[in-house]
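Reader: I should be grateful for a close look at one part of this structure, namely its strand pairing. Please take the strands in turn and then turn to the parts that surround them.

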Amino acid sequence: TSYTWGGLSPGTYMCFKIRAYNSAGDSAWEPNVSPWYRCTTTRSAAPGAASSTVSVSSATGWQKTPVHLKSGDKFTVTYVSGTWSVDYRNFSYVGPGGYSEQEDAKIYQGCKIDTSETYGVLLGSVGSTPNVAFPIGQGGTFAAGNNGDLYLRINDNDACLGDNNGSVTVTITTNQLPAK
């Protein structure tokens with residue numbers, strides 16, 4: 001059996017124990033040996049992979065990253081650190097996953113870029129200029145829908161950035177092989 005745990009940067013050292021749950025009950029902890037856990041390091045980036053770490057400000061609109069993609073290219077965004085707020089005087093700071101639905105409902109709804117997502121969600125766009133936004137949130141692996149640069153921003157439109165504060169840092173990894 002294998003399990004993919006996204007969100008860990010390449011080369012992260014991690015210790016774990018495993019226990020299965022289902023309708024029949026719970027398994028014993030595995031490994032069932034002392035010291036009761038196993039440790040490993042996540043694989044380093046694949047050969048030919050390129051990685052960039054960028055800080056995304058909540059007080060700025062679309063921000064161009066150093067990542068250029070071709071349609072279909074896969075890229076991984078991994079949240080590293082930081083918090084931000086869409087109104088630091090009235091609402092708490094959150095990570096790139098954005099506000100809870102309950103907290104989002106308390107915020108004026110006229111300033112979202114992506115109305116299907118909560119405020120504070122990290123958004124991405126690929127192109128020569130940002131146009132179609134897609135949610136990135138805490139991160140994951142995505143495929144570029146077209147050619148162009150990767151842009152990032154908070155889910156809060158330009159007219160409403162004046163009361164924002166904070167930033168988040170993410171690592172972007174691509175599997176682009178060097179040109180021949």
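Author: The account below follows the strands and then considers a disulfide and a helix residue. The model is a predicted one.

The natural starting point is the open sheet of 4 strands, whose order is S5-S12-S7-S10 and whose pairing is antiparallel. Strand S5 (50-57) and S10 occupy the edges; each has a single partner strand, so one side of each is left without a neighbour in the sheet. From one strand to the next, the twist averages 20 degrees.

The sheet may be read from one edge to the other. S5 runs antiparallel to S12, and 8 bridges join the two. Within this pairing, Ser55 has Thr169 of S12 as its bridge partner. S12 covers residues 165-174, and its antiparallel pairing with S7 extends over 10 bridges. Here Phe75 stands opposite Thr174 of S12. On the way to the other edge, S7 (residues 74-85) is joined to S10 (residues 139-143) by 5 bridges, again with the two strands antiparallel. Lys74 has its bridge partner in S10, namely Ala143.

One residue of S7 deserves separate attention. Thr78 is placed in that strand, and its relative accessibility of 6% means that Thr78 counts as buried, the limit being under 20%. A separation of 6.5 Å lies between the C-alpha atoms of Thr78 and Ile172, although the two residues are 94 apart along the chain. In general, the side chains of a regular strand alternate between the two faces of the sheet.

A further set of pairings involves strand S11. This strand comprises residues 148-154, and 7 of its 7 residues are buried, so S11 is largely enclosed by the rest of the structure. One partner of S11 is strand S6 (residues 63-69), with which it pairs in the antiparallel sense over 4 bridges. In that pairing, Leu69 is found opposite Gly148 of S11. Strand S8 (residues 122-127) is also antiparallel to S11, and 6 bridges join them. Ser125 has Tyr151 of S11 as its bridge partner.

The loops beside these strands carry a covalent link. The structure holds 1 disulfide, which joins Cys111 to Cys160 with an S to S distance of 1.7 Å. Cys111 belongs to the loop between helix H1 (101-104) and S8, while Cys160 belongs to the loop between S11 and S12; the pair therefore ties together parts that are 49 residues apart in sequence. Both Cys111 and Cys160 are buried.

Helix H1 contributes the last residue of this account. Asp104 has its place in H1, and because its relative accessibility is 7%, Asp104 counts as buried. Leaving aside residues up to four places away in sequence, Asp104 touches Tyr99, Gln109, Lys112, Thr118 and Tyr119.

To draw the parts together, S12 pairs with S5 and with S7, whereas S11 pairs with S6 and with S8. The loop between S11 and S12 holds Cys160, and the disulfide joins this residue to Cys111.

Note on methods:
Residues are numbered from 1 along each chain as its sequence is written. This is a predicted model: local features need pLDDT of at least 70, side-chain atom pairs count only at pLDDT 80 or more; totals for chains, interfaces and linings use all residues. Side-chain values use heavy atoms; hydrogens and water are left out. Two strands pair if DSSP finds at least two bridges between them. Axes are lines fitted to C-alpha atoms, for helices over the stretch in contact, and angles run from 0 to 180 degrees between N-to-C directions. Buried means under 20% relative accessible area, exposed over 50%, partly exposed in between (1.4 Å probe, protein chains only). A disulfide is a pair of cysteine sulfur atoms within 2.5 Å. Contact means heavy atoms within 4.5 Å.
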